[in-house]
Amino acid sequence: MKLIKLATFCIALCSMLSSCSTEWYEPNVKIQEEYQDLTISSNGEQYEIPFEFKFSVTKTSVPKMSKAIRCRMVINDIASEIFDASNNKVPIKWYWHPDGEVQNGAIKAFFVVSVPENETTESRTVSAQISIDNNWNEGYDIDEEDEHDWGEFITILSGVQEGK
């Protein structure tokens, strides 16, 4: 009887594990020349820079794994604080493309870069940079309790912003 109960438990456990799947989201960011060496208005600008997440599904018990993205602005060679790019209240954030469909193993997304107003009369250099975690973690947000191995910062937008 114990053997039957053990076998039933093993079958139930295997079927439960095989029915769970994990979605894997890996940012794939390529430098796009049209967002480099820009002339930016002193009033500030907002740019939407496309990129994609490589997408795959495997059979494991974790529902969602991704590589987080952090970001910073660099103005006149002075870097800002570092932000979580999945947060809506930061100068560089990412969103899914409105159709949100997987095509050729990827989901389209874009960075929204908000260059702040230049309130001085001097022109200044501006760049938006992102860094991708090399570690997989659950979800998209940066959880400081997770282990991170941040890649180098990548400049996704650069230019000179005019003065007033």
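1. Aromatic pairs. Rings of Phe, Tyr and Trp, the last taken by its six-membered ring, are treated as a pair if their centres lie within 6.5 Å. Applied to this structure, which is a predicted model, that rule gives a count of 13 aromatic pairs. One of them brings together tyrosine 25 and tyrosine 140, whose ring centres are 5.5 Å apart and whose planes stand at 65°, so the pair is classed as edge-to-face, given that planes over 60 degrees apart fall in that class. This pair links distant parts of the chain, since tyrosine 25 belongs to strand 1 (residues 22-28) whereas tyrosine 140 sits in the loop between strand 12 (137-138) and strand 13 (154-161), 115 residues apart. Tyrosine 25 and tyrosine 140 are both buried.

2. A second ring pair. For phenylalanine 53 and tryptophan 96, the ring centres are 4.9 Å apart and the planes are at 50°, so this pair is tilted. Here too the pair links distant parts of the chain, with phenylalanine 53 in strand 3 (residues 45-58) and tryptophan 96 in strand 8 (residues 92-96), 43 residues apart. As for exposure, phenylalanine 53 has a relative accessibility of 1% and therefore counts as buried, while tryptophan 96, at 31%, counts as partly exposed.

3. The ring cluster, and a charge over a ring. Which residues do the ring pairs link into a cluster? The cluster consists of Tyr25, Phe51, Phe53, Phe55, Trp94, Trp96, Phe111 and Tyr140. In addition, arginine 72 lies over the face of phenylalanine 153, at 3.8 Å from the centre of that ring.

4. The nonpolar core. In soluble globular proteins, nonpolar side chains tend to be buried together. In this model the largest nonpolar core has 30 residues, and those that touch the most other members are Ile69, Ile92, Phe111, Val113, Ile130, Ile156 and Leu157. Two or more residues of this core come from each of strand 2 (38-40), strand 3, strand 5 (69-75), strand 8, strand 10 (106-115), strand 11 (124-132) and strand 13. Isoleucine 130 can be followed in more detail: leaving out residues up to four places away in sequence, isoleucine 130 touches Val29, Ile69, Arg70, Cys71, Ile92, Phe111, Glu152, Phe153, Ile154 and Ile156.

5. Glutamate 48. This residue lies in strand 3 and, with a relative accessibility of 49%, counts as partly exposed. When neighbours within four places in sequence are set aside, glutamate 48 is in contact with Tyr35, Phe110, Phe111 and Val112. Glutamate 48 and isoleucine 92 are separated by 44 residues in sequence and by 9.8 Å in space, taken from C-alpha to C-alpha.

6. Salt bridges. The structure holds two salt bridges. In one of them the side chains of lysine 67 and glutamate 26 meet, at 3.4 Å from N to O. Lysine 67 is in the loop between strand 4 (64-66) and strand 5, and glutamate 26 is in strand 1, so the pair ties together parts that are 41 residues apart in sequence. Lysine 67 counts as buried, at 13% relative accessibility, whereas glutamate 26, at 25%, counts as partly exposed. Lysine 164 forms a salt bridge with glutamate 117, where the closest N and O atoms are 2.5 Å apart. Because lysine 164 lies in the segment after strand 13 and glutamate 117 in the loop between strand 10 and strand 11, the pair ties together parts that are 47 residues apart in sequence. Both ends count as partly exposed, lysine 164 at 48% relative accessibility and glutamate 117 at 37%.

7. Serine 42. Is serine 42, found in the loop between strand 2 and strand 3, buried or exposed? Its relative accessible area is 10%, so serine 42 is buried. Apart from residues up to four places away in sequence, serine 42 touches Glu117, Asn118, Gln161, Glu162, Gly163 and Lys164; among these are Glu117 and Lys164, which form a salt bridge with each other.

8. The chain as a whole. The protein has one helix and 13 strands, and from the N terminus on the helix precedes the strands. Buried residues account for 38% of the 164 residues. Of the contacts between residues at least 6 apart in sequence, 72% join residues at least 24 apart. The protein exposes about 10000 Å², of which carbon and sulfur atoms supply 51%.

Technical notes:
Residues are numbered from 1 along each chain as its sequence is written. This is a predicted model: local features need pLDDT of at least 70, side-chain atom pairs count only at pLDDT 80 or more; totals for chains, interfaces and linings use all residues. Side-chain values use heavy atoms; hydrogens and water are left out. Rings of Phe, Tyr and Trp (its six-membered ring) pair if their centres lie within 6.5 Å; planes under 30 degrees apart count as stacked, over 60 as edge-to-face and the rest as tilted. Helices (H or I, at least four residues) and strands (E, at least two) are DSSP runs, numbered from the N terminus. Buried means under 20% relative accessible area, exposed over 50%, partly exposed in between (1.4 Å probe, protein chains only). A charge sits over a ring if NZ of Lys or CZ of Arg is within 6 Å of the ring centre and within 35 degrees of the ring normal. A nonpolar core is a set of buried Ala, Val, Leu, Ile, Met, Phe, Trp, Tyr and Cys residues joined through side-chain atoms within 4.5 Å. Contact means heavy atoms within 4.5 Å. Accessible areas come from the Shrake-Rupley method with a 1.4 Å probe; for residues, only the protein chains shown count as cover. A salt bridge is a side-chain nitrogen of Lys or Arg within 4 Å of a carboxyl oxygen of Asp or Glu.
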